[in-house]
Amino acid sequence: MVEIPAGSAHAVPAAEVEDMELYHPKSWWTKYVFSQDAKIIAVQYSVTALSIGLVALVLSWLMRLQLAFPGYFAFIDADHYYQFITMHGMIMVVYLLTALFLGGFGNYLIPLMVGARDMVFPYANMLSYWIYLLAVLILVAGFFAPGGPTGAGWTLYPPQSVLSGTPGGQNWGILLMLSSLIVFIIGFTMGGLNYVVTVLQGRARGMTLMRMPLTVWGIFTATVMALLAFPALFVACVMMLFDRLLGTSFFLPAIVEMGTQLQHGGGSPILFQHLFWFFGHPEVYIVALPAFGIVSDLISTHARKNIFGYRMMVWAIVIIAALSFVVWAHHMYVSGMNPAFGFFFATTTLIIAVPTAIKVYNWVLTLWRGDIHLTLPMLFALAFIVTFVNGGLTGLFLGNVVVDVPLSDTMFVVAHFHMVMGVAPILVVFGAIYHWYPKVTGRLLNDVLGHIHYWVTFLGAYAIFFPMHYLGLLGVPRRYYEIGETSFVPPSAHTLNIFITVMALVVGAAQMVFLLNLIWSLFRGREAGGNPWRATTLEWQTPQTPPAHGNWGKELPVVYRWAYDYSVPGAPEDFIPQTQPATDGVTREIMA
Amino acid sequence: MNVTLLFLAVIGAIIAWWLAGQRLTSKPWLEASPVKTATGLEEPPAPAIKIGLYVFLGVVGALFSLFISAYFMRMASSDWWGMPVPGLLWVNTALLAASSAALQWAKNEAHHGSMENLRPALAAGLLLAALFLAGQIEAWRELNAAGYVLADNPANSFFYMLTGLHGLHILGGLAVTGRTTVRAFAADLPPAQLSLSIDLCTLYSHFMLAVFLILFALFAGWANDFVDLCRQLLS
Ligand code: HEM
Ligand SMILES: [Cu+2]
């Protein structure tokens, strides 16, 4: 039995958190442009990330057009195709999803959800955004540089990435890509320190770790992971820059290119792969964990049920984070490694499935007999669960060494990772935007446009990626500009390719509806009020909507309960916000 | 990647230890009302900036352990010739250690609240670190003159890259320590107000000294014997 002190003011511990001194902007510039307010920085991050994401989307159309109508579009030659693949992959993973989940949602939600006035280091936070923007600009510069952007594939494997046979290899392309990543990592580190330390030191009174919403847990854990994993990419990029510019041989073996012996020798391409995947695998979870956290909150709020197994959810997040640092070499089964290592990495990979499965069960059990409101955030959360399970199952196939070897580098892999780390997180991004847009702007997004966006995106994504599994089983390789005449690919595969492309264009069009909605609702959306979803967490309890600078008016909030008191019997409404003190009538005893 | 895994294990242990103190097994849904603190007389929480520095050092640690992992993996190939460690590096090590010691002295003075010794101590720390950097550049030049150029051999490449990166970190530390020193000289601040900044500069400087010692051990080849030992234990 847990003893519950009668809720009253004197049970409040002495101020653990001092009110922080805020920087007060003096001009329009420091208020809206060079702002140190995490909420503005969050919007800046999000808009930048979505804009560059749009570029990646357009690139995917171009690729699909080529795959469906090989050779029809004269301007897409093989070089361009590789450049599109590379930029599409890198932008989607790093510059869109990572930046949006951590820089965008992290900045907006962490201070509000833990009851802080702002991030703990606002100045570094501001720098973080501007450095990120610089990274994006360097990346985009690749499109205009002589020789165009790099076409090395988003994995940037040397030696090919710095050789003249690869677009951008002996040109500006690879240099800009590597520098952009280095700059991105520096900027991210500044932001990341903020997110971590704000969770550690900035929480309001009464906000214990176990009272934090799972969104915060997800973003927090992902940030810790990113702070440890991105240095690996940093190291890989710096060493490759040395190889490419200063003639060292970290990664480059002796190579005869076009009849001339290059000056490099003895370098180890495998070393690069280790470094890259030491970052690359955790990166999957850096994107996934915030998505997990957000989905948990969306489901709980819109099904009016407290989250099932909160503790297990927290532990699962932490365990997944820890495990994902010891599985990287499962991306290298085909690199000729010692089979014993292959076995070790296959085992750890399969073990990760356990906490992940626990999370899925808990979401389903949260929904079970819930009062499910099919709002747009809920719809997207449901779509996420379905998609994630789907992608997870094919992932179990690929986690087995024997199965992976024949499927490696086919369209099956492309379909798999688009399901788990492409479509699934993007669905959460949408759900989250529909959910929190009213807090950011004070207005709801339009429902009709939202439903069009939802159904076309959800069903369309399946129409795109489901058939791709089949193509992969036929043996259609990935990263092929065109497959030409082959005996193992039947003509029907070609029809399928056209179908996939058409669906990709349709899904793309639906995103334009979404953009339109974002802009239209900013001016014409229905007024939302402070707490349209009747949610318990702190960000919905701010005195103003959108929250003012400093978030909380005069008094910092005090937290009296966990984040999931929904459908509480006997409560005047069907939820109790975290800020409401315990009253004798509604002491909690129901659960267990 | 063994070095990196070792580093991660250490970080993991710290995180696990910290989480162990966070009541992760509590049942938050049963506990309405604020969680009580044990007594009213708790220690004030560590300043955010200090925690921030610890986290940052974690990131820097990850960075260097990854570089060191790469060093060992690359060393395994046959085209690796060790490089002689210039004697000047001993002097530089001494300078960096002295700089760290001077900052430690400044830190102690700040805690005792005495300003007279604090200023020279800070200035000495700053100067010694700057001398270290100058010494490092001189060492580069000597090596270059002796024909050990960057692209010649991976051992050379790593030497220049790692010392360069370390130097950049020192340079960053110099900027911050410099600012603190200016503040110490400029106004009649009570030492208590400087104390935190000095603490942080000292911590950073000790950390970078430790990194340098490890790098030194690497270049001098002592670390190899240790790694060979580990290899034998593992196989
Ligand atoms: C409608 C949306 C999308 C479409 C139509 C699409 C299409 C494609 C196509 C055609 C390829 C190249 C396949 C090949 O020839 O090997 C590709 C690669 C890739 N995509 Fe997407 N994609 C979409 C969304 C995303 C998202 C949201 C992500 C975020 C994680 C993503 C990440 C990647 C990655 C990492 C690659 C691999 C790049 C490489 O091989 O270097 N994609 N995508
Ligand atoms: Cu992986």
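Select ligand 1 together with A:Arg479: a backbone N or O atom of A:Arg479 lies 2.5 Å from an oxygen atom of the ligand. The model is a predicted one, in which local features need pLDDT of at least 70 and side-chain atom pairs count only at pLDDT 80 or more, while totals for chains, interfaces and linings use all residues; pLDDT is the predictor's confidence in each residue, from 0 to 100. Residues are numbered from 1 along each chain as its sequence is written, chains are lettered from A and ligands numbered from 1 in the order in which they are written, and side-chain values use heavy atoms, with hydrogens and water left out.

**The surroundings of ligand 1**

Next, add A:Tyr81, in whose side chain an N or O atom is 2.7 Å from an oxygen atom of ligand 1. Then add A:His88, where an N or O atom of the side chain is 2.8 Å from a nitrogen atom of ligand 1.

Now extend the selection to the shell around ligand 1, taking a residue as near if one of its heavy atoms lies within 4 Å of the molecule. The shell has 22 residues, and those that come nearest are A:Tyr81, A:His88, A:Trp154, A:His418 and A:Arg479. By class, the shell divides into 13 nonpolar, 6 polar and 3 charged residues. Here Ala, Val, Leu, Ile, Met, Phe, Trp, Tyr, Cys and Pro count as nonpolar, Asp, Glu, Lys and Arg as charged, and the others, Gly among them, as polar.

Color the helices α2 (38-68), α3 (78-114) and α12 (411-441) of chain A, each of which supplies at least two residues of this shell. The most comes from α3(A), which gives 7 residues. Helices (H or I, at least four residues) and strands (E, at least two) are DSSP runs, numbered from the N terminus.

**Backbone features of chain A**

Move to the loop between α4 and α5 of chain A, and select A:Leu156, which lies there. A:Leu156 is not a glycine, yet has a positive phi of about 55°. In the loop between α4 (122-144) and α5 (172-201) one also finds A:Pro159. A cis peptide bond, with omega about 0°, joins A:Pro158 to A:Pro159.

For another cis bond, go to A:Thr545 and A:Pro546, where omega is near -10°. A:Pro546 is in the segment after α14 (492-524) of chain A. As background, most residues other than glycine have a negative phi, and most peptide bonds are trans.

**Chain B and the interface**

Display chain B alone. Chain B has 7 helices and 0 strands, and its C-alpha atoms fill a box of roughly 70 × 50 × 25 Å along the principal axes.

Restore chain A and select the residues in contact (heavy atoms within 4.5 Å). This selection takes 51 residues from chain B and 61 residues from chain A. The two chains bury about 4,800 Å² between them, 79% of it on carbon and sulfur atoms; buried area is the accessible area (1.4 Å probe) that two parts lose on being put together, summed over both.

How many salt bridges does the rule find across the interface of chain B and chain A? The rule, a side-chain nitrogen of Lys or Arg within 4 Å of a carboxyl oxygen of Asp or Glu, finds 0 salt bridges there. Polar contacts, by contrast, join 6 residue pairs, both residues at pLDDT 80 or more. A polar contact is a pair of N or O atoms within 3.5 Å; within protein, one must be able to donate a hydrogen and the other to accept it, and residues adjacent in sequence count only if both atoms are side-chain atoms.

On the side of chain B that touches chain A, highlight α1 (2-20), α2 (48-75) and α5 (154-186) of chain B, the elements that give two or more residues. The largest share, 15 residues, comes from α2(B). That side of chain B comprises 35 nonpolar, 10 polar and 6 charged residues.

**Confidence**

Finally, color by pLDDT. Chain B has a mean of 87, with 93% of its residues at 70 or more. In chain B, confidence is highest in α2(B), at 94, and lowest in helix α7 (residues 222-234), at a mean of 72. For the complex, the predictor gives an ipTM of 0.93 and a pTM of 0.93.
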